[in-house]
Amino acid sequence: MNLTEIVREELLNLGASLDSSFLVAISGGADSSALLLAMHGVAARKEGLTSAHLDHGIRPGSREEAKFVEKFSRDLGVKAVTGMLEPGELESARRQHGSLEAAMRELRYRFLFDAARRSGSEWILTGHTADDQSETVLFRISRRMDWRSLGGIPPRRGKILRPLLGSTRSDIRDFCMKKGIKPLTDPSNYDEDYARNRIRHTILPGLKADLGMDIARLLCRTGKAARKLADVEAGMLGHYRPGYGSASISSFERDHLLALPDILRNRFISDCLYREIKTFQSLKLVEDVLAFMEAGRNGSMSLPGGRTLVLSYGQASVRMDDGKTGAALPRTGLELTVPGRLVLESSDLA
């Protein structure tokens, strides 16, 4: 089965109709370029296919990447949406989210959701591969993150679909060669000052050689199992606390936490932290926050990204350094004023 057929099958498995409108995130690299070309052969309505590229403006030559994407899209007859970050925008997001990687991810998906809205696209597609998945799982293991993070990159989250998660970079390279695609290469992908690049170029190949097995495939299977367990856990949490998970709720009561079975309290806190900080945190932080909440004393606790968890008379909330309350720690019920108007917005991330 060639890559185009794989993408077609994966989209159907993920619940997308082929006559939908699709926005393809493209950097100009092999994975995203191959995905756009495959989608050109899959989409039933070529006029419903759009490419989207965000220039972060942090590398020399980034404007050339944008031009490559525009020409590649134009040659396929695909309309392209491009954007560029404003000066200081990335640094501001880095301070808010605690790391450059988290900031770039937040801004990138914000751009993609806006581009999808403007283009009328029903789905957003990204070019994450099986190699990205295995690297993500191993990276999170090495950071001693909460086990729920080991689910890695979800094939579908909201309107975001990742139809290449079952394909390897080798599959992508073969497809590009057969189609005559000459994608761009990001030099930073070979800089082993970055932990993910060390995992990609040194650690995973070393483990494969030492263990004599396909460790990347094993890590992908581990991620799949972790996602299934996390889904079961989320279902249990929803059973005990109907309404849990609403994106519009900003705080919760300590009594609601203590009413949960012990096994679900950890999950509740893990989800709260993820929604507030937008990245998975270490298991130790999850356990420390849980211990702080269970102790029940009025006070505060520092969180990553310039945030503070405040417990006051049984009510928990998150505050930024400027004293404003954050908007991600969920309480387990929602009061509405009737008559009135409620708007729910989602910020799905990878």
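**Salt bridges, helix H1 and cysteines**

Trainee: At what relative accessibility does Asp-114 count as partly exposed?
Mentor: The coordinates come from a predicted model. Buried would require under 20% relative accessible area and exposed over 50%, and Asp-114 counts as partly exposed with a value of 28%.

Trainee: Which side chain meets that of Asp-114 in a salt bridge?
Mentor: The partner lies with Asp-114 in helix H5, 4 residues apart, about one turn of the helix. It is partly exposed, with a relative accessible area of 48%. The N to O distance is 2.9 Å, and the residue that makes this salt bridge with Asp-114 is Arg-118.

Trainee: Arg-110 forms a salt bridge with Glu-106; does Glu-106 count as buried or exposed?
Mentor: The closest N and O atoms of Arg-110 and Glu-106 are 3.6 Å apart, and both residues lie in helix H5 (residues 100-119), again 4 residues apart. Arg-110 counts as partly exposed at 46% relative accessibility. For Glu-106 the relative accessibility is 9%, and because the cut-off is under 20%, Glu-106 counts as buried.

Trainee: How many residues apart are Arg-200 and Asp-132?
Mentor: Their side chains meet in a salt bridge at 3.9 Å, N to O. The pair links distant parts of the chain, Arg-200 being in helix H8 (residues 195-211) and Asp-132 in helix H6 (residues 130-142), and the separation is 68 residues.

Trainee: Which residues are joined into one network by salt bridges that share partners?
Mentor: Both Arg-200 and Asp-132, the pair just discussed, are buried. The network formed through shared partners consists of Asp-146, Arg-148, Glu-233, Arg-267 and Asp-271.

Trainee: In helix H1, how wide an arc around the axis do the buried residues cover?
Mentor: Leu-3, Thr-4, Val-7 and Leu-11 are buried in H1, which spans residues 3-13. They are placed on the same side of H1 because the arc that they cover around the axis is only 100 degrees.

Trainee: Which helices and strands do the buried residues of H1 pack against?
Mentor: The buried residues in question are Leu-3, Thr-4, Val-7 and Leu-11. Both strands and helices take part in this packing, and the elements are E1 (22-25), H2 (30-42), E4 (123-125), E6 (160-161) and H7 (169-179).

Trainee: What does the count of disulfides come to?
Mentor: Cys-176 is buried, with a relative accessible area of 3%, and Cys-272 counts as buried at 1%. A disulfide requires a pair of cysteine sulfur atoms within 2.5 Å, and by this rule the count of disulfides comes to 0.

Key:
Residues numbered from 1 in each chain as written. Predicted model: local features only at pLDDT ≥ 70, side-chain atom pairs only at ≥ 80, totals over all residues. Heavy atoms only, no water. Buried < 20%, exposed > 50% of the residue type's maximum accessible area, 1.4 Å probe, protein only. Helix = DSSP H or I, 4+ residues; strand = E, 2+ residues; numbered from the N terminus. Arc of directions from axis to C-beta. Contact = heavy atoms within 4.5 Å. Salt bridge = Lys/Arg side-chain N within 4 Å of Asp/Glu carboxyl O.
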